[in-house]
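Hi everyone, thanks for coming. Have the viewer open while I talk, and turn things around as we go.

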Amino acid sequence: MSLYELFILAVGLSMDAFSVAVCKGLSTNRLQKKHYFLVGAWFGGFQALMPAIGYFLGSTFKKYIDSYDHWIAFVLLGLIGANMLREAFSKKEDEDESDSFSVKAMFILAVATSIDALAVGVSFALLPQVNITAAVLFIGVITFALSAVGLKVGNVFGAKYKSKAELVGGVILILIGLKILLEHLGVLG
């Protein structure tokens, strides 16, 4: 696999994480440096970890992963999106932004956005010319950077349109989950 092919793959894998980072930025009033690091580390770390796990699982478990990875991503993103919609319609005056970046919230989002990377790791096991260490590090770094950029993009947009930010973010997460599901079911090409 060439460096160019790996770059395209890394960018493609990071798009879900980028979109979710945009949603996080939309729903955060004041970003701090630690938020960029947290989002980048969670998403980049899991985008690197999942292909590594997939690689080591290899082709033995590929048929099991392929049969339901899209359902897992759909359910996780749907639940998180529905929660964001619920929060958008609630009349809370005191919002605790630290919940948005809690270990539980970030773990669920990181897993949900990296499920496809697990399957990519399985395919890496079938390609003899893939240096798995370099591949997962490259994927992780690209995702880290794009996630941090997505957080800033969402925050700049959200500062002007805060009242609708969580609504839009929730809808986006649900649509990402639905897209993953429909692609794997063959409805979308």
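So, the surface: the protein chain has an accessible surface of about 10100 Å², and 68% of that belongs to carbon and sulfur atoms. Accessible areas here come from the Shrake-Rupley method with a 1.4 Å probe, and for residues only the protein chains shown count as cover. Before I go further, this is a predicted model, where local features need pLDDT of at least 70, side-chain atom pairs count only at pLDDT 80 or more, and totals for chains, interfaces and linings use all residues. Residues are numbered from 1 along each chain as its sequence is written, and side-chain values use heavy atoms, with hydrogens and water left out.

How much of the chain is buried? Of the 189 residues, 43% are buried. Buried means under 20% relative accessible area, exposed means over 50%, and partly exposed is in between, again with a 1.4 Å probe and protein chains only.

What is the chain built from? You'll find six helices and zero strands, so to speak in symbols, the pattern along the sequence reads α-α-α-α-α-α. Helices (H or I, at least four residues) and strands (E, at least two) are DSSP runs, numbered from the N terminus. Now for contacts, meaning heavy atoms within 4.5 Å. Take those in the protein chain with a separation of 6 or more: 94% of them are between residues 24 or more positions apart.

Okay, let's walk along some helices. Helix α1 covers residues 3-26, and its 24 residues should span 34 Å at 1.5 Å a residue; the end C-alpha atoms are 33 Å apart, which agrees. The expected span is 1.5 Å times one less than the number of residues. There's also a bend of about 40° in α1, at M15. A bend at a residue is the angle between two fitted axes, one for the seven residues ending there and one for the seven starting there.

Which residues does S14 touch? S14 is in helix α1, and with a relative accessible area of 1% it is buried. Leaving aside neighbours within four places in sequence, S14 is in contact with I142, T143 and L146.

Another place to look is G154, in helix α5. At 1% relative accessibility, G154 counts as buried. Its C-alpha is 4.5 Å from that of L26, even though these two are 128 residues apart along the chain. Not counting residues up to four places away in sequence, G154 touches V22, G25 and L26.

On to helix α2. Its 25 residues reach 36 Å from first C-alpha to last, close to the 36 Å expected at 1.5 Å a residue. Just after α2 comes G58, with a positive phi of about 65°. Inside α2 sits F43, which is buried, with a relative accessible area of 1%. Setting aside neighbours within four places in sequence, the contacts of F43 include A17, V20, M106, T143 and S147. The C-alpha atoms of F43 and A112 are separated by 9.8 Å, and the two are 69 residues apart along the chain.

Helix α4, residues 103-126, has 24 residues that should span 34 Å at 1.5 Å a residue, and its end C-alpha atoms are 34 Å apart, which agrees. Look for a kink of about 45° in α4, centred on S114.

Now the rings. How many aromatic pairs does the structure hold? Six. Rings of Phe, Tyr and Trp (its six-membered ring) pair if their centres lie within 6.5 Å; planes under 30 degrees apart count as stacked, over 60 as edge-to-face, and the rest as tilted. One of the pairs is F7 with F138, edge-to-face at 6.3 Å centre to centre and 65° between the planes. That pair links distant parts of the chain, with F7 in helix α1 and F138 in helix α5 (residues 132-160), 131 residues apart. F7 counts as partly exposed at 37% relative accessibility, and F138 is partly exposed too, at 24%.

What about W42 and F46? Their ring centres are 5.9 Å apart and their planes are at 15°, so the pair is stacked. They are four residues apart in helix α2 (residues 33-57), which means about one helical turn separates them. Both are buried, and ring pairs link W42, F46 and F107 into a cluster.

Last stop: the charged end of K24 sits over the ring of F101, 5.2 Å from its centre. That label applies if NZ of Lys or CZ of Arg is within 6 Å of the ring centre and within 35 degrees of the ring normal.
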